[in-house]
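Here are some worked exercises to try with the model open beside you. Attempt each task before you read its solution.

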Amino acid sequence: MITNLLNNYVLKAIDAYPYELEETVENLNYALSYESENVYALYLMGRLQAEQFGDYQKAKQYYAEALANKMDFIKVYKHYILVLIWNEDFEEAQKLIDFAFTVKGLGKSQVWVLQGQLFETKQAHKKSLKALKTAKQFAYNNDYTSFINSEISRIKNKVKSNKKKMANSKTKKKRKKNKK
């Protein structure tokens, strides 16, 4: 009976998120009061903390607890890695990405995209492009391939604009030097 009630609260929270936040929080609190180690409730609470409240530290705690209870709960990895990137915990993000490559059932294309995002955040654009091209090799549907192509295009545009800025700044320095 408790399991059915617990599942009912978790399902209500899943159904309510992200449109009915009050209902989501209420149902998650009920679910976690029945079973404090419920992986799905912890995962959803992590998402709530990160996406709605911007509290990355709490989100990290919930995600870590969820993975501690079930390492193969694949929904957690993407969101956990993103929170680590957003919080600028780059070394921790890299370690989790490295581990994510070993998790069965987790889409390798998605992990490569996250690797590319980490590199991009660290301003390593060439590495980012390489990771995204690898992600494309593991993509198994056209929509995701299109998304990866748009990410590649966006980063290439960044690189081009950075090159233009560098060229313009060099030209300005030369002009100033010649005026003296």
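Helices (H or I, at least four residues) and strands (E, at least two) are DSSP runs, numbered from the N terminus. The model is predicted, so local features need pLDDT of at least 70 and side-chain atom pairs count only at pLDDT 80 or more, while totals for chains, interfaces and linings use all residues. Residues are numbered from 1 along each chain as its sequence is written, and side-chain values use heavy atoms, with hydrogens and water left out.

**Exercise 1. The fold as a whole**

Task: Find how many helices and strands the chain has, and decide whether it is spread out or compact by the globule rule.

Solution:
- Step 1. The secondary structure amounts to 9 helices and 0 strands.
- Step 2. Read from the N terminus, the order of elements is α-α-α-α-α-α-α-α-α.
- Step 3. The chain's radius of gyration is 21 Å, well over the 16 Å that the globule rule gives for 180 residues, so the chain is more spread out than a compact globule. Here the radius is taken over C-alpha atoms, and the rule is 2.2 Å times the number of residues to the power 0.38.
- Step 4. The C-alpha trace spans about 85 × 35 × 30 Å along its principal axes.
- Step 5. Of the 180 residues, 37% count as buried. Buried means under 20% relative accessible area, exposed over 50%, and partly exposed in between (1.4 Å probe, protein chains only).

**Exercise 2. Salt bridges**

Task: Find which residues are linked in a network of salt bridges, then work through its pairs.

Solution:
- Step 1. Start with the idea: side chains of opposite charge can pair when their charged atoms come close. The criterion for a salt bridge is a side-chain nitrogen of Lys or Arg within 4 Å of a carboxyl oxygen of Asp or Glu.
- Step 2. Applying this rule gives 6 salt bridges.
- Step 3. One of them joins the side chains of Glu120 and Lys158, at 2.6 Å from N to O. Glu120 lies in helix α7 (residues 108-121) and Lys158 in helix α9 (residues 142-179), so this pair ties together parts that are 38 residues apart in sequence.
- Step 4. Check the cover on each partner: Glu120 is buried at 9% relative accessible area, whereas Lys158 is partly exposed at 32%.
- Step 5. Arg154 and Glu151 also form a salt bridge, with an N to O distance of 2.8 Å. These two are 3 residues apart in helix α9, so about one helical turn separates them. Arg154 is partly exposed at 32%, and Glu151 is buried at 11%.
- Step 6. The network therefore links Glu120, Glu151, Arg154 and Lys158.

**Exercise 3. A bridge within one helix**

Task: Work out how many residues apart Arg47 and Glu51 are, and what that spacing is in helical turns.

Solution:
- Step 1. The side chains of Arg47 and Glu51 make a salt bridge of 2.9 Å, N to O.
- Step 2. Both belong to helix α3 (residues 39-53), where they are 4 residues apart, so the separation is about one helical turn.
- Step 3. Glu51 is partly exposed, with 32% relative accessible area.

**Exercise 4. Charged patches**

Task: Identify which residues form the positive and the negative surface patch, and which helix gives the most to each.

Solution:
- Step 1. Set the rule. Patches are made of residues with over 30% relative accessible area and no salt bridge; like charges are joined within 9 Å, and nonpolar side chains (Val, Leu, Ile, Met, Phe, Trp, Tyr) within 5 Å. Lys and Arg count as positive and Asp and Glu as negative, leaving out His and the chain ends. Each charge is placed at NZ of Lys, CZ of Arg, CG of Asp or CD of Glu. Accessible areas come from the Shrake-Rupley method with a 1.4 Å probe, and for residues only the protein chains shown count as cover.
- Step 2. The negative patch gathers Asp15, Glu20, Glu22, Glu23 and Glu26. Helix α2 (residues 21-34) gives the most, with 3 residues.
- Step 3. Asp15 is in helix α1 (residues 2-16), and its 65% relative accessibility makes it exposed.
- Step 4. The positive patch consists of Lys133, Lys136, Lys156, Lys160 and Lys164. Both α8 (125-138) and α9 supply at least two residues each, and α9 has the largest share, 3 residues.
- Step 5. Lys160 sits in helix α9 and is exposed at 53% relative accessible area.

**Exercise 5. Two distances**

Task: Find what separates the C-alpha atoms of Val113 and Lys133, and those of Ala124 and Glu35.

Solution:
- Step 1. Val113, in helix α7, is buried at 4% relative accessible area. Its C-alpha atom is 8.9 Å from that of Lys133, 20 residues apart along the chain.
- Step 2. Ala124 lies in the loop between α7 and α8 and is partly exposed at 23%. The C-alpha atoms of Ala124 and Glu35 are separated by 43 Å, with their positions 89 residues apart along the chain.
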